[in-house]
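Student: I have this structure open on my screen. Could you take me through it one question at a time?

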Amino acid sequence: LEMMETLNLTRDVINYRMKKLTKDNIISQYRILINLAQIEHKLYKIILRLHTLTPEREKQFLAYVAAHSQGTQYLKLVGSWDVELEFEVQDDEQLHEILLEIRNKFSDIIRDYDTLLIRQEPKLNYFPF
């Protein structure tokens, strides 16, 4: 609706152009930002320092997060921490269970970790130009 109003185009023209941009791989994904408080969930980041990580073990770790129903992101970092994981959970108990599972499955590669509760995640404009 905003695009229709801003560009003064019809819904059908907008729809056609969006489909074409997607087909031509100009648009590679769509994002939504869910208000987690509305669905009574919390966003936590788990930041980790790791021991020497083999490509195979990293692949297993990434697959674990990707397959987890509450896992939303796996980021490799530069700096003090090596990896950042994001999980959207119902409560602190669910986060605790996830942490125990991660520590049990990947204790050989985890040197240290910390958790961060993200209280607010403002909407970002990914294309500021």
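Student: Does Asn25 count as buried or exposed?

Tutor: Buried means under 20% relative accessible area, exposed over 50%, and partly exposed in between, using a 1.4 Å probe and protein chains only. Asn25 has 63% relative accessibility, so this residue counts as exposed.

Student: Before we go on, what kind of model is this?

Tutor: Residues are numbered from 1 along each chain as its sequence is written, and side-chain values use heavy atoms, leaving out hydrogens and water. Local features need pLDDT of at least 70, side-chain atom pairs count only at pLDDT 80 or more, and totals for chains, interfaces and linings use all residues; the model is predicted.

Student: Where is the place of Asn25?

Tutor: Helices (H or I, at least four residues) and strands (E, at least two) are DSSP runs, numbered from the N terminus. Asn25 is not a glycine, although its phi is positive, about 60°. Its place is the loop between α2 and β1.

Student: Which other residue has a positive phi of about 55° although it is not a glycine?

Tutor: Look in the loop between α1 (2–7) and α2 (11–23). The residue there is exposed, with a relative accessible area of 70%. The one with a positive phi of about 55° is Asn8.

Student: On to the rings. What is the geometry of the aromatic pair of Phe61 and Tyr74?

Tutor: A search of the whole structure finds three aromatic pairs. Rings of Phe, Tyr and Trp (its six-membered ring) pair if their centres lie within 6.5 Å; planes under 30 degrees apart count as stacked, over 60 as edge-to-face and the rest as tilted. Phe61 and Tyr74 are 5.8 Å apart centre to centre with 85° between their planes, and the pair is edge-to-face.

Student: How many residues apart are Phe61 and Tyr74?

Tutor: Phe61 sits in helix α3 (residues 55–67) and Tyr74 in strand β2 (residues 71–76). The pair links distant parts of the chain, with a separation in residues of 13.

Student: Why does Phe61 count as buried?

Tutor: Tyr74 is itself buried, with a relative accessible area of 15%. Phe61 counts as buried because its relative accessibility is 0%.

Student: What is the angle between the planes of Phe61 and Phe106?

Tutor: This second partner of Phe61 lies in the loop between α4 (92–105) and β4 (110–118), 45 residues apart from Phe61. Both Phe61 and Phe106 are buried. Their aromatic pair is tilted, 4.6 Å centre to centre, and the angle between the planes is 50°.

Student: Which residues form one aromatic cluster?

Tutor: Phe61 takes part in pairs with Tyr74 and with Phe106. The full cluster is Phe61, Tyr64, Tyr74 and Phe106.

Student: And the strands: how many bridges join strand β1 to β3?

Tutor: Two strands pair if DSSP finds at least two bridges between them. β2 and β3 pair in the antiparallel sense over five bridges. Strand β1 (residues 42–50) and β3 also run antiparallel, and the number of bridges joining them is seven.

Student: In β3, which residue is the bridge partner of Tyr74?

Tutor: Strand β3 (residues 83–89) is mostly covered, with six of its seven residues buried. The bridge partner of Tyr74 in this strand is Leu85.

Student: With which side chain does the side chain of Glu86 make a polar contact?

Tutor: Glu86 is in strand β3, and its 9% relative accessibility means that it counts as buried. A polar contact is a pair of N or O atoms within 3.5 Å; within protein, one must be able to donate a hydrogen and the other to accept it, and residues adjacent in sequence count only if both atoms are side-chain atoms. At 2.3 Å, the partner of the Glu86 side chain is that of Lys45.

Student: How many residues has the largest nonpolar core?

Tutor: A nonpolar core is a set of buried Ala, Val, Leu, Ile, Met, Phe, Trp, Tyr and Cys residues joined through side-chain atoms within 4.5 Å. Those with the most contacts inside the largest one include Phe61, Leu85 and Ile102. β1, α3, β3 and α4 each supply at least two of its residues. The number of residues in this core is 19.
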